[in-house]
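Work through these exercises with the structure open beside you. Try each task before you read its solution.

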Amino acid sequence: MRRILFTGVMGVGVLAAILSLVGLGISSIASGQPPSTTSGPYPVAKGDAAERGYHVAVEADCVGCHTVPGGQPFAGGRPLATPFGTIYSANITPDNEAGIGRWTADDFYRALHEGKAPDGHLYPAFPYNYYTRISRADSDALFAYLRSLPPSPDRSPRNKLPFPFNIRALMIGWNLLFLDKGEYQPDPAKSVAWNRGAYLVEGPGHCAACHTPKNFFGAPRTSRDYQGGDIGNGWYAPDITPNKRTGLGGWSDEELFQYLKTGRNVHANASGDMGEVVSYSTSRMGDDDLRAIITYLRDRAPRGDDAPKKPDPAVMTAGEAIYVDSCAACHRMDGAGLAGMFPRLPMNANLQQPNPSTLLRVILVGSRSLPTDTRPTPSTMPAFHWKLRDEQIAAVATYVRNSWGNVAAPVDVDTVTKLRRQLGVDHLPPPAPQPTDLRHPNPETAAPPHTDSRQNGTDQAGTPVAPASR
Amino acid sequence: MSEKLPSVDVLVLGFGWTGAIVAQELTDAGLSVLALERGAWRDTPTDFAPTFAQDELRYMWRHALFQKPSHSTLTIRNNGNQTALPMRVLGSFLPGTGVGGAGVHWNGQTWRFLPSDLELKSHVTRRYGAKAIPADMTIQDFGVTYDELEPHYDRFEYLCGVSGTAGNLNGQIQPGGNPFEGARKRPYPTPPMRQAYAPTLFAKAAAELGHHPFPQPSANLSQAYTNPLGVQLAPCTYCGFCEKFGCGNYSKASAQTTLLPVLMRKPNFALRTGAEALKINCDSTGKRAVSVTYVDAQGREFEQPADLIFLCTYAQHNVHMLLLSGIGQPYDPKTGQGVVGRNYAYQRTSFVNAFFDDKILNPFIGAGAHGMHIDDFNGDNFDHGGLGFLGGGYLGVLQTGARPIETHPVPDGTPTWGGAWKKAVAANYLKTTTISTHGGVMSHRGNYLDLDPTYRDVYGRPLLRMTFDFTDNEHRMAHYITDRAAEIARAMGPREIKVVYRDGSWDVVPYQTTHNTGGTVMGTDPKTSVLNRYLQSWDVSNLFVMGASAFPQNPGYNPTGTVAALTYWSLQAVKDRYLKSPGPLMHT
């Protein structure tokens, strides 16, 4: 149906479609700093409806976008980077002027369901194409919760969207094409838990907003639901289908539960955008809801497997030397890592994604795990952009993607170079003129001429220093 | 004119080990706690990431983590007949600055004192008679017993995940542990570190000579550990960069790796960095502290009121703060009257190198608290009758990493530079080990701290003046235990040995230890102590002083374990008694 519509309005669709890319690549500009606490300023409401609404707010992770880090919860103003400019999240406290104080429950339901606010169309950066599955009862409860919050007079800054992207009415086209309106309809053939999980995942949880790849128009490619998506800023939201190699098939139910509850398990530490999701949303959900989510995700079709190209043995040798030097102290020589601190690398789904971007991002600029109440240690991957060259990063990434049973396409140097530029850490001096020899010097190999040990260090942490030529 | 800030329940001055423990415990008790730290915020991934933490030049030689003498120093002399001069370059000891304090760059050697160490004067008097204590030796009891401290030692060891082998479990001597230690209620939380070759050679030789070798109790962890707060530590990689370095692998216990992840998330805790406390202000009676004056990084002056103040700075700075604030009577060595600054002590160290031809020892494998020791000649573990000294020390091979700029052991007679020296370094680096001794220092009437009459700091306050030298007691003790070390070294079968007694006056230049103790001594008599047995000021009952400045003399162990245990001990009394009824916890 949506496809037919799509062809039908193709002519109108181009501009709208470009606009729709706004929905891609949402990530926080301001932060990089994870929120420091899960028990911080996230008010639990009193009163029946409002208290139920708090749980809906948790499920929908409203606070993640609608709060400036460190600012008043739900007062909006958090900048969301998009390819077309910056969108600022709205103030959804009950302030009459700056917030949604004048809204009715019907207005609110329509915003969730149709992406239409009383004063105009919303951009799909607000994921109403998922929130449309939210039940009327949950919508009303969430509205009651938001009404119970202290009002904030802070007005969100104006979006920085150049013409014509600043024309909200153009969203009508996007909605015609891609909005599949309607509350979640339970499948009577499935269990209660399955249906609860499906509701959470497809509706308030809006997991597909990140984990499903987008088409050219920025709408989810439903044929590849949950198979992984590029969410911008170097992050690739991984495959969460039951695929054993790249998806959740290699994780036990308990491991998956631990991840959603605490942000850590033996395979992965939640950081970046998923760190916020765990911190603000899943870690605050009830255990039964988490198990329901797991039930639903387990029952989906696995991503079809591919046969990645084999890596060059010389690159693998170089990668291993770098791994031993720079990675093994924490991840151990056998990649075993340490549960909850340093992810285990063998059979690691994150490493084997078809798109290596997250791995490269984490190597380049590091990543800090979100602390949760049960896992307070913010264990951290340090940044290597100042220490390893693109060839070295490509080699070590290829090595970890193809060791200890992992199988994934080799990483080419160009991909690293592009990501380095995108992340703004491309200001290293050019590599040494002679062809780079990535072989690890050992007692049998003399250091090449002109090696100056003073170049190996850094007088300022994180300050780029030319690596010694080897 | 300073700006007066809103009051807090508890104000902590200095945010190292003790400050973090105090803040953790008292926020748990429901109080609002504010900590002032003169240095900067520091954490593992930002400040000691494993990508650059192992930088010997930057950290060890250029002192990146330490107190900067241009900002904060003291004047030093060996005796009262000399004129003290400011220490302009750090040497013999290396106080820290910044969050975590010197607990960031410590080695992780986590000891308990012997039961007799804590009741030294009573013990010596009982065993050898009062005459065994020389007239000018001002040793005394701590005022707290080992049995009272045991649960608090345990608390700290389990906070850190200390690796070791118990030697005495509930009175039962355990194989492989230190048979001289006080009874512990349960084993160490993690097994001992794996030993490199040289420590095992030492242990074998020592055992053959009838001694009792055991692994160094270590806060560089042998395996992964999650502490009771849920904070995780990772296994040590034996990289050899502990002392003078922060640990990038979450393997060395510090405030950062054990407490701060939990503490920093609490809504009733606040930390102000770049805040240098200048003075503790008392009310007109002088019996109650009301606030602290501090200066922030922009040079603005503030007055921070609080109901309860914990002075948690480095030992010397604790003494300095009390002297500057006029709290307690300053010590006068001429009359022996007064208490603040009295009984300053240090550590007496020496070593023996053993050079081998046939053994590759790989000394670069190491950790700050990795090695084997004997305790047979520490404290009063041996009969001092007729020896002419009191005290002792542990000795053993502590293989901390043989970092390349620091470590080039060469035999006696080697030129100090040039081709022959280089050749000797190359020939011996992999084949040399060191037995070091770590001796106690008794307190002495002439060793003390006071305010310098001449030199002032950047805020115009008089510098602290240290008057210190080793006495004959320490030299005799050092000779005795160094000779024992030399016997063991010879029994290890080396080509040759080199014995360094470190005779003569204490020298501020070569690094020895950062174990400066005394000056705000604890005890049960206000005439000989600044603090009562709960580390509460005798004079100002809402002021507590944490740290090694409370030691009446310095036993032959590294101080951190006892510093932390005393902190927990004090906090127990604060929580159980003081908070219910504020006021003196002891009456005279």
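**Exercise 1. The surface and build of chain B**

How many Å² does chain B expose, and what percentage of it do carbon and sulfur atoms supply? Then describe the build of the chain.

Solution. Note first that this is a predicted model.
- Step 1: Chain B exposes about 20600 Å². Carbon and sulfur atoms supply 53% of that area.
- Step 2: Turn to the interior. Of the 588 residues of chain B, 64% count as buried.
- Step 3: List the elements. Chain B has 13 helices and 24 strands.
- Step 4: Judge the packing. The radius of gyration of chain B is 23 Å, and the globule rule gives 25 Å for 588 residues. The two values are close, so chain B is as compact as a globular protein of that length.
- Step 5: Add the extents. The C-alpha trace of chain B spans about 70 × 55 × 50 Å along its principal axes.
- Step 6: Look at the contacts. Take those in chain B with a separation of 6 or more: residues 24 or more positions apart account for 75% of them.

**Exercise 2. A sheet in chain B**

Find the open sheet of 6 strands in chain B and explain why strands E8 and E22 each have one side without a neighbour in the sheet.

Solution.
- Step 1: Write down the order, which is E8-E17-E18-E19-E16-E22 in chain B, with antiparallel pairing.
- Step 2: Go to the edges. Strand E8 (214–215) and strand E22 (496–500) of chain B each have a single partner strand, so one side of each is left without a neighbour in the sheet.
- Step 3: Move to a pair inside the order. Strand E16 (residues 348–355) and strand E19 (residues 432–439) of chain B pair in the antiparallel sense over 8 bridges.
- Step 4: Zoom in on one position. Phe351(B) stands opposite Ser436(B) in E19(B).

**Exercise 3. Rings and charges**

Classify the ring pair of Phe468(B) and Phe470(B), then locate a ring cluster and two charges over rings in chain B.

Solution.
- Step 1: Start with the count, which is 44 aromatic pairs over all chains.
- Step 2: Check the pair. The ring centres of Phe468(B) and Phe470(B) are 5.4 Å apart and the planes stand at 80°, so the pair is edge-to-face. The cut-off for edge-to-face is over 60 degrees.
- Step 3: Check burial. Phe468(B) is buried, at 0% relative accessible area. Phe470(B) counts as buried too, at 10%.
- Step 4: Find the cluster. Ring pairs link Trp111(B), Phe113(B), Phe142(B), Phe214(B), Tyr394(B), Phe551(B) and Tyr557(B).
- Step 5: Place the charges. The charged end of Arg186(B) sits over the ring of Tyr158(B), 3.4 Å from its centre. Lys244(B) lies over the face of Tyr511(B), 4.1 Å from the ring centre.

Definitions and conventions. Residues numbered from 1 in each chain as written. Chains lettered and ligands numbered in written order. Predicted model: local features only at pLDDT ≥ 70, side-chain atom pairs only at ≥ 80, totals over all residues. Heavy atoms only, no water. Phe/Tyr/Trp six-rings, centres within 6.5 Å; stacked < 30°, edge-to-face > 60°. Buried < 20%, exposed > 50% of the residue type's maximum accessible area, 1.4 Å probe, protein only. Lys NZ or Arg CZ within 6 Å of the ring centre and 35° of its normal. Helix = DSSP H or I, 4+ residues; strand = E, 2+ residues; numbered from the N terminus. Rg over C-alpha atoms; globule rule 2.2 N^0.38 Å. Contact = heavy atoms within 4.5 Å. Areas by Shrake-Rupley, 256 points an atom, 1.4 Å probe, with all protein chains shown as cover. Pairing = 2+ DSSP bridges.
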